[in-house]
Amino acid sequence: MALAWVLPTLGLLVSSLRPAPDVARTGWWTVFANPFDLTRWTLANYRHVLGQQGLAQAFLNSFIITVPATVLPILVASFAAFAFAWLDFPGRSWLFLVVVGFLVVPLQMTFVPILKIYSETGLAGTFVGIWLAHTGYGLPFAVYLMRNFFGSLPGELFESAYIDGASPLSAFFRLALPMSTPALASLAIFQFLWVWNDLLVALIYLGGGARTGPLTLKLSSLVGSYGQEWHVLTAAAFISMLVPVALFFALQRYFVRGILAGAVKG
Amino acid sequence: MRRGGAWAWGFVAPALLLIGFYLAYPTVQTIYLSFMDRRSEHFVGLSNYVRLLTSTAMLTAFRNNLLWLVVFTAGTVGLGLLMAVLTDRVRYEAAAKALIFLPMAISFVGAGVIWKFMYAYQPPGVPQIGLANQVMVMLGQQPRGWLVERPWVNNLALIAVGVWIWTGFAMVVLSAAYKAIPKELLEAARVDGATEWQVFWRISLPVIQSTVAVVATTMIINVLKVFDIVYVMTNGNFGTEVMANRMYKEMFEYQDFGRASAIAVILFLAIVPIMLANIRRFRRQEATR
């Protein structure tokens, strides 16, 4: 079963490493007849997409977009989640409920008005615009996850800190954040994957531009223009998967823990 | 002793401002725009909705979203459950789960490319390069154009991609719930002579019922917003249109903000009941905390 699940991805990888005429003529599984015949393997597809297709630039753009769009929401959400868990203010539980409610609002609901504001203020097509948008969209889930985690910390901890004269700010930075590494890690992976893999938000706010477009955008336009050129597509797709898949294998445990915190408790 | 007041507002203000700007305000604004004309200048009442609900393109999209809803949800939850139970018994559980879960890390666009390749069509007689058609040929069948054969083959082919991506998620969550079932309960039933089949349907499933509901809810919310897979693989051609892709077209190809907004509102209305159910469940849970 598990093997059947990786076959499609395996086919992609194998094809991206085969010479173009071979990919177009025979099935990728045929290489396994003579797997050590080195004339049947090549890196030319990768050289081609990275050089001529401008994929290197898109790769860089993906990083420029993803890193701030991961750090920013986590920071903002942690502050809010801490207040929701351990500080008192009027309307606390009600506001939290509203925030969680926005988890299910389809993003499609927000595009038209924000795009209008963006084009009036010149934020459309800029990295700042997309950082902020991903932050806004990521917040409901991030606040929810962090609030669940903070809520599970022992209350006496914060009480004794306050008695010792700590402010909420130092309680947050010295106690809550350091104790939350597992939750922060899983949230970071989540947000990173979601932003890295996003197509729709990038398509709306960055337009189709090659200068700022991330990998997903580039890849989808390649699908449009190179529909049958499998050697180009497979290599490009594999490059776009490189970072998330590496991240997945390295930090799998946190990723799964994050899903469980978000779904089972929810 | 809890601290509050000014501190608390300082802590939540950035989050609330961002959510207000990126989610709350646009939601209200979109509802308003859906009653305006294409350039948001004149009030047109319900005419955007009427035109959408009577256009063939939109009706196809509704039908397909409904098909996605049923097949995708049943597929992910069913397969996820099956794999959760099966992987529980194999020796290489962690590795098997990682492989099934892997597509979650791949973008929908990447998955789209992977599966377009899987579905690639070559005329009969020529060697096939797509695995799906190779299998067909090996079974003595004609190769098929998976993505162009309407109305069912191509839609189901797209849904299969979605199921491939999301089953891992369902499996992980369900497997955690499955492992939490007290083993004595299952043993007791087996000792009493229940078959594995009965143990599963009469004991395991009822115990993890609420988790199944959570997973199904997540999948339904996902499915209503499905976009990337369709956009990359067929762009809604050959009768595979879905609502989210249609909205994108109204917005950028036809520059009709009124109708694009109306589609978003319809999408939202479909999700509201699920949202309310979730909030109720969440409240109950908080009450027992």
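1. Nonpolar core. In this predicted model, the largest nonpolar core has 193 residues. The members that touch the most other members are F82(A), Y137(A), F150(A), Y205(A) and W68(B). Four of these names carry the letter of chain A and W68(B) that of chain B.

2. Surroundings of W68(B). With neighbours within four places in sequence left aside, W68(B) is in contact with T73(B), L158(B), I159(B), G162(B), V223(B), V226(B), I229(B), V230(B) and V242(B). I229(B) and V230(B), two of these partners, fall within α11 of chain B, which runs over 228-233.

3. Annotated span in chain B. The UniProt record, an unreviewed entry, places "domain: ABC transmembrane type-1" on residues 62-278 of chain B. In the model, this span is 72% helix and 0% strand. The C-alpha atoms at its two ends are 24 Å apart. The label itself comes from the record and may be inferred rather than shown by experiment.

4. E241(B). Is this loop residue, E241(B), buried or exposed? Its relative accessible area is 4%, and because buried means under 20%, E241(B) counts as buried. The residue sits in the loop between α11 (228-233) and α12 (243-252) of chain B. Its side chain makes a polar contact with the side chain of R246(B), at 3.3 Å. Beyond its neighbours within four places in sequence, E241(B) is in contact with A57(B), T60(B), A61(B), N64(B), N235(B), G236(B), R246(B) and K249(B). R246(B) therefore appears both as the polar partner and in the contact list, and the residue at the centre of these contacts is buried.

5. N61(A). Helix α4 of chain A, residues 55-86, contains N61(A). N61(A) is buried, with a relative accessible area of 1%. The C-alpha atom of N61(A) is separated by 9.0 Å from that of F127(A), although the two residues are 66 residues apart along the chain.

6. Cavities. How many cavities of 30 Å³ or more are there? The count comes to three. The second largest holds about 50 Å³ of space.

7. Lining of the second largest cavity. The lining consists of S62(A), I65(A), T66(A), I130(A), H134(A), V195(A), W196(A), D198(A), A202(A), P214(A) and T216(A). Which helix gives the most to this lining? It is α4(A), with three residues. At least two residues each come from α4, α7 (127-151) and α10 (181-197) of chain A. Helix α4 is also the helix in which N61(A) is found.

Methods:
Residues are numbered from 1 along each chain as its sequence is written. Chains are lettered from A and ligands numbered from 1 in the order in which they are written. This is a predicted model: local features need pLDDT of at least 70, side-chain atom pairs count only at pLDDT 80 or more; totals for chains, interfaces and linings use all residues. Side-chain values use heavy atoms; hydrogens and water are left out. Helices (H or I, at least four residues) and strands (E, at least two) are DSSP runs, numbered from the N terminus. Buried means under 20% relative accessible area, exposed over 50%, partly exposed in between (1.4 Å probe, protein chains only). A polar contact is a pair of N or O atoms within 3.5 Å; within protein, one must be able to donate a hydrogen and the other to accept it, and residues adjacent in sequence count only if both atoms are side-chain atoms. Contact means heavy atoms within 4.5 Å. A nonpolar core is a set of buried Ala, Val, Leu, Ile, Met, Phe, Trp, Tyr and Cys residues joined through side-chain atoms within 4.5 Å. On a 1 Å grid over the protein atoms alone, a cavity is a set of points where a 1.4 Å probe fits but cannot get out, and a pocket is an open set with protein on both sides within 12 Å along at least five of seven lines; lining residues have an atom within 4 Å of a point. Grid points are joined across faces, edges and corners, and a volume is the space filled by probe spheres set on the points.
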